[in-house]
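Please follow one strand of this protein outward to its partners, and then to a serine in a neighbouring loop.

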Amino acid sequence: MQDKTGRCLCGAVTITVRGKLGPVSYCHCSQCRRQTGLYYATADAAISDVEITGRDSIGTFRASADAERAFCRQCGSALYWKGNGEGRMSLMAGLFPNPTGFEGGYHIFCADKGDFYEINDGLPQYAASRN
């Protein structure tokens with residue numbers, strides 16, 4: 001399996017994954033929409049497979065008691081979502097250059113999605129979390 005390296009918009013933070021990534025999950029909750037303007041598109045990776053450089057440029061925000069969201073302090077790029085005590089983290093799929101090799105997986109929190117777009121890609125849709 002080939003390593004995948006992505007970066008924020010300014011390049012201050014790079015993220016390398018030395019393991020399996022994906023599939024892409026699309027989160028339509030109000031927090032993700034407020035942070036990005038649309039929805040989060042993330043690919044999960046085991047935390048033990050992730051190497052991050054530029055940690056001094058990373059800011060975190062706890063939008064809930066359940067998880068933290070990370071962003072680049074220099075350019076504002078969203079980087080990842082990490083749940084408390086989980087062995088995985090959800091990395092923003094857009095950090096990685098094409099061709100990514102990613103495949104779409106599913107949509108979550110569809111009951112909370114914005115009213116200004118439709119989800120019509122044929123992927124599974126969940127009203128809340130997938131679990």
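The paragraphs below take up the strand, its two pairings and the loop serine in turn.

The model shown here is a predicted one, and a convenient place to begin is strand S7, which spans residues 67–72 and is mostly covered, with 5 of its 6 residues buried. On one side, S7 pairs in the antiparallel sense with strand S6, residues 58–64, over 5 bridges. The two strands are joined as a hairpin through 2 residues, and within this pairing Ser64 stands opposite Ala67 of S7.

S7 also pairs with strand S8, which covers residues 78–83; these two run antiparallel and are joined by 5 bridges. Here Glu68 is the residue that stands opposite Lys82 in S8. The connection between S7 and S8 is again a hairpin, with 5 residues between the strands, and Gly76 in that turn has a positive phi of about 85°.

The loop between S7 and S8 also holds Ser77, which leads to a further point: is Ser77 buried or exposed? Its relative accessibility is 15%, and because buried means under 20%, Ser77 counts as buried. When neighbours within four places in sequence are left aside, the residues in contact with Ser77 are Cys8, Leu9, Ala70, Phe71 and Cys72. Ala70, Phe71 and Cys72 fall within the residue range of S7, whereas for Leu9 there is a polar approach to describe, since a polar atom of the Ser77 side chain lies 3.1 Å from the backbone nitrogen of Leu9.

Conventions: Residues are numbered from 1 along each chain as its sequence is written. This is a predicted model: local features need pLDDT of at least 70, side-chain atom pairs count only at pLDDT 80 or more; totals for chains, interfaces and linings use all residues. Side-chain values use heavy atoms; hydrogens and water are left out. Buried means under 20% relative accessible area, exposed over 50%, partly exposed in between (1.4 Å probe, protein chains only). Helices (H or I, at least four residues) and strands (E, at least two) are DSSP runs, numbered from the N terminus. Two strands pair if DSSP finds at least two bridges between them. A polar contact is a pair of N or O atoms within 3.5 Å; within protein, one must be able to donate a hydrogen and the other to accept it, and residues adjacent in sequence count only if both atoms are side-chain atoms. Contact means heavy atoms within 4.5 Å.
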